[in-house]
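Visitor: I am new to this structure. Please take one small part and go through it closely.

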Amino acid sequence: MKFGLVLAIVLVASIAVDGQTHPVNFWTLETKAESATLVAASALDGYSTQVSINSKRFHELNPLASPFVAHGAAGQVAACAIGVGAVLGAAYLAHRTHHEKLRRFILRASVGAESANSVYQFSGR
């Protein structure tokens, strides 16, 4: 329920019209803040995933991340870097093709999803 609420808030915030012109530069203050938040949420998610896996009570559900996560902290860092890189790459592609609303949606939805997942993992399931 919390995940759905957080995701709904992020989606509404990304669709809202801000009335600004399209920025020429990808690395605006907004993009830097969203990227930093995404990296922090991804790192927190990685930490909580490693804690959960090391407790031997849980396993990685994502089949793409599972081979990385099974190799400990180094694999977890690689999985997080690939995930953040994919999100930033998709956002940059949307920016280059002048789809600013899509760029905002990609970054904000990813931040919301990572944050909600971290909260879910730390809440004790």
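Guide: What follows looks at one group of aromatic rings, after a short note on the setting. The model is predicted, with an average pLDDT of 83 over the protein and a score of at least 70 for 80% of the residues. Its secondary structure consists of five helices and zero strands. Confidence varies along the chain: helix H1 (residues 2-15) has the lowest mean, 55, while helix H4 (residues 72-96) has the highest, 94.

Now to the rings. The protein has three aromatic pairs. In one of them, the ring centres of Phe-26 and Trp-27 lie 5.0 Å apart and the planes meet at 75 degrees; the pair counts as edge-to-face because that angle is over 60. Phe-26 is buried, since its relative accessible area of 6% falls under 20%. Trp-27, at 42%, is partly exposed.

Phe-26 also pairs with Tyr-92: the ring centres are 5.1 Å apart and the planes stand at 90 degrees, so this pair is edge-to-face. The pair joins distant parts of the chain, as 66 residues separate Phe-26 from Tyr-92. Phe-26 sits in the loop between H1 and helix H2 (29-54), and Tyr-92 belongs to helix H4. Tyr-92 has a relative accessible area of 40%, so Tyr-92 is partly exposed.

Taken together, Phe-26, Trp-27 and Tyr-92 make up one aromatic cluster. As for the wider protein, of the contacts between residues at least 6 apart in sequence, 69% join residues at least 24 apart. Buried residues, Phe-26 among them, account for 31% of the 125 residues.

Methods
Residues are numbered from 1 along each chain as its sequence is written. This is a predicted model: local features need pLDDT of at least 70, side-chain atom pairs count only at pLDDT 80 or more; totals for chains, interfaces and linings use all residues. Side-chain values use heavy atoms; hydrogens and water are left out. Helices (H or I, at least four residues) and strands (E, at least two) are DSSP runs, numbered from the N terminus. Buried means under 20% relative accessible area, exposed over 50%, partly exposed in between (1.4 Å probe, protein chains only). Contact means heavy atoms within 4.5 Å. pLDDT is the predictor's confidence in each residue, from 0 to 100. Rings of Phe, Tyr and Trp (its six-membered ring) pair if their centres lie within 6.5 Å; planes under 30 degrees apart count as stacked, over 60 as edge-to-face and the rest as tilted.
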